[in-house]
Amino acid sequence: MTLLYHGRSRPMGARRLAAVIVAGVMALAAVLLAPRPATAATPWLSVSADGYVSFSVPAADVQAGMGQVSQVVIEGNFGPSSTWVEFGLSRGANAWTGVLGPLKPGLYYYQVTGDDTKGLKDPTNSTTVASKPLWSTFLVPGDSARLLADAPEGQGGKVETLTYRVKKEERSALVWTPPGYSAKGGKPYPVLYLQSGTDRSATDWLDLGRAGQILDNLSADGAIEPMVVVITDGRGPDDDKELKDLRKAVGDAYRVHRDPAHQAIAGVSEGGSQALRAALTGPGQFAYAGSFSGLLTEVAGGKPGPGPNPGVKLVRLYTGNVTDPAYNATVRLTKALDRARVKYEFDGVNPDGGANWTAWQENLIDFLPRLFRKASDHGPSAGHEPLKGEFTPPAPGTTPTPFVQDGFVTFETTTDFKDAKHVTVWANIAPGGSWLRVPLSREGDRWRATVGPFEPWFYYYRLIVDRVAVKDASNPTKVTTEPTWSTFLVPGERARLVTDVPAGQGGKVESLTYRSNVTNQDRTALVWTPPGYDPNRAEPYPVFYLQHGGGQNHTDWVEMGRAKQILDNHYRDGNLVPMVVVMSNGNVSNFNKELLENIDPAVRARYNVSGDPSQQALAGLSMGGGQTIGMLKAYPGRFAYIAAFSAGFGGSAGVDVAAINNGTKLLRVYVGDVTDFVYPSFMAGLTTMDNLGIRYEFDGVTPGPHGWDVWQKNLIDLAPRLFKR
C-alpha cells in the first residue's frame, strides 16, 4: 500500500485497474422458458487483472429473454467453499450491473437468473457446459490456478468419444490420450477410469473439472506417468457388468494394459463410492482407487478382504469440510476401514472445499501423480486437517439462530415459510464483505443450510423469501434502521477488536437528548465514555464526533459499526487516548448548524469535554463523510482531526487551503475497493486535493464494498491516531 502525505504521491495502483475481457461475443443465448435475447454488442462479464469481476447485463436483453422481472442475480460458485450462491445486480438506466471480488484464482461458472425462476445464458461468453445449457465459465488466472489453464497449442493430449454397448444399449465415454500416443507400436499405457457420478455428466469432468487441462499440464511438467484416461458418468454404480464391458471396449480400442496393476479408478460423489467398491470388494480389478467426496460408509459389511486389501496398491480418500455431504460419510468409512484392517491414505479435510468441482479439481491434481509410480509422500495435502468426528448442527427449532460452529454457520427459518418456493440468506459473506444470497434447502417444514468457513468477524443478514425481505424471528439481535436485518459474530483473533470485552472492562454508552433549532425537535445522540471517565477531571477530555451515512441514524455505529467494541478494545490495549465519542443523528438539512449550535453545546454542557479545536475530531462515513468534508471546507480549523470514510472531497471552489493545512493536524481519508460505488469520485477527490496542495493521508483502499466491513476497519485504524499530535 502507499501512504500519502502532503499530497506528494498518488494513490495505489488500484486506481488503474485494467479490465480484461474474458470472452468475446461468439454465442447466442440459451434461455430456459423464455425466448432468446438479441446478441449483445459488448461483453456482459469482464475480469480485472486482480480478480474483480464486473457484470453488465443489458436491460433490453433481460426484457427480451425473460420478460419483465423485478430482480436479476448472477448465480455462480462464488460463495465460501465455492458454494453456489446468488449475487444481486443493481438496475441502472440501461443495464443490470454489479462488481464482485477479488475472486481467488480458479474456474468459475455462472448463469443469469431473473425472479428466481427465469434463466438466461450469457450470449457474449462462448464457453459452454454441456450438462447445464444456461451456464458459462471463466477463469481467474493466477499461479494457484496454473494447471487449470489451457496448455500451449499442440502440447496437450487429445479427447475423443468412445462408443460401446452394455446390455444391447449404446453408451459412450470420453477418452483422453497423452501427447505422442499412437494406437500402433510401442508399450501399452496404464489406464485410469474417472467417474463423474450418477447425478453428473461425463462432460462435467471436462467443462467444470478441467480434467483435460490438468492432464495436459501435469503431462507437460513430467509430473504423471503417460496414461489413458477414460471418463464416464458412472451410471449404474452396482452394475459390475457395465464396468466390465467398458474395460473390454477400452482394451479393444486403445493400446492399454489389461492387468489390474496398471488399472486405476476414481470418481466424485457416488462415482467415488463406485471406485471404492470396485477396488475393495473385488480385489484383482484395480490397483489404484480414489474417492473424491465419496458417500460410501461401509465396504461389504466392513470386510472387504482377508486383512489388508490384496493387489490394491493405493486407496486414497478425499473430502471437503463439513459442508461436503461426504464429510460424515468419510468419518464412518475411515472407522470401517480401520476395523477391517484395510490400508488406505487420507488426504485430510480440505478446510476451504465443499462438494463441488473446485475441490475435485484439487483432488485430481493430487491423485494423478500417485498413479503407476512410487509416490514421494503419503500424507495429507498441505493445509488439510484431520477429521474431528461427525458434524451435527442443532436440532430443528433450536434458538437463537444462526448456529455458529468452528466458523461454519447454519441458517434456519421458522416454520412460517413451509409453503415458500425460494428462500435465501442475504449476508455480507463475499470477499471484502460484499453481499451474497445463499440458497436454503427445504428440510421438513423449515429451510436450512450450513455455509462456511467464515473468517472471524461481525456479520449481518436477512432472509429473502420469494423475493421479500424478512427478519430472522429466531435471532434476537436488531438493527434499528434496517428492521429485517440480524447480526452474529464469528469469534476468533481476527475479530478480537469487534468482540465484546469482559464485563465491567469497557466504557459506557448512554443517550443524550438535546433540542435542535434546525428541526425544532428533541433529538438523540449516543455517547461513549471511556472506562474511569471522571466528570470532574481537571483537564477536559477530547471529543470525537462520529457520523453515520445516508438512510442510517445515531444507532448504527453501535448496532452495526461495533464502535463500542472497537473503542473498548483499543482502550484496553493502551492504544486510545481517553476521549468522549459522540454518535449523533446527521439526518438534517443543515448539518454544520446542527453540530455547531446544537450537538456540540449539548455535549459540552453534560460532559467534561474540551471546546478547544485541537481537542476535537470529526469523522463520518458516506453521507457523514460528505458532511465532514463540508464542515472542513466551511470552518477550516474548527476540528483539528478530520476523517472521511467512503466520501469524496468534491469541488475546489472556495476552499481555503492555507486555513485547512494550518488548522488541521490530521486529515485522513478512506475508501473501499472498486466494489465501493464512491471509488471513482473518491479518487477524483484525491486529485483535487493534490492539485490544491492540501495535506492529507491516504493509506490505500480498504478491501471491501460500501459497507460496514470497510467502515469498521476504518474506525479501527483511525481511533488510535486521534489527539496524539
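Which strands does helix α5 (residues 270–280) lie across? Select the helix in this predicted model together with β14 (191–195), β16 (263–268), β17 (288–292) and β18, because these are the four strands that α5 lies across, running at about 150° to β16. While the helix is still selected, show the side chains of glutamate 270 and arginine 277, which meet in a salt bridge with 2.6 Å from N to O.

Next, widen the selection to the sheet itself, an open one of eight strands with mixed pairing, and follow the order β12-β13-β15-β14-β16-β17-β18-β19. At the edges stand β12 (158–166) and β19 (345–349), each of which has a single partner strand, so one side of each is left without a neighbour in the sheet. As you move across, the twist averages 20° from one strand to the next.

Stay at the β19 edge and select β18 (residues 314–319), which pairs with β19 in the parallel sense over three bridges. Here arginine 316 stands opposite glutamate 345 in β19. Salt bridges that share partners join Arg316 and Glu345 with Asp347, Asp366, Arg370 and Asp377 into one network.

Now turn to strand β3 (residues 45–48), and colour its residues by accessibility. In a regular strand the side chains alternate between the two faces of the sheet. Both faces of β3 are covered, with Leu45 and Val47 buried on one side and Ser46 and Ser48 buried on the other. Add strand β4 (residues 53–58), which runs antiparallel to β3 and is joined to it by three bridges, and find phenylalanine 55, the bridge partner of leucine 45. Four residues lie between the strands of this hairpin, in which glycine 51 takes a positive phi near 90°.

Finish with two salt bridges between loops. Select aspartate 116 and arginine 467, whose closest N and O atoms are 3.7 Å apart. Aspartate 116 lies in the loop between β9 (106–114) and β10 (118–120), and arginine 467 in the loop between β26 (457–465) and β27 (468–470), so the pair ties together parts that are 351 residues apart in sequence. Aspartate 116 is buried, with a relative accessible area of 19%, whereas arginine 467 is partly exposed at 40%.

Then select arginine 146 and aspartate 221, which form a salt bridge with their closest N and O atoms 3.0 Å apart. Arginine 146 lies in the loop between β11 (136–140) and β12, and aspartate 221 in the loop between α3 (211–220) and β15 (228–232), so this pair ties together parts that are 75 residues apart in sequence.

Technical notes: Residues are numbered from 1 along each chain as its sequence is written. This is a predicted model: local features need pLDDT of at least 70, side-chain atom pairs count only at pLDDT 80 or more; totals for chains, interfaces and linings use all residues. Side-chain values use heavy atoms; hydrogens and water are left out. Two strands pair if DSSP finds at least two bridges between them. Axes are lines fitted to C-alpha atoms, for helices over the stretch in contact, and angles run from 0 to 180 degrees between N-to-C directions. Contact means heavy atoms within 4.5 Å. Buried means under 20% relative accessible area, exposed over 50%, partly exposed in between (1.4 Å probe, protein chains only). A salt bridge is a side-chain nitrogen of Lys or Arg within 4 Å of a carboxyl oxygen of Asp or Glu.
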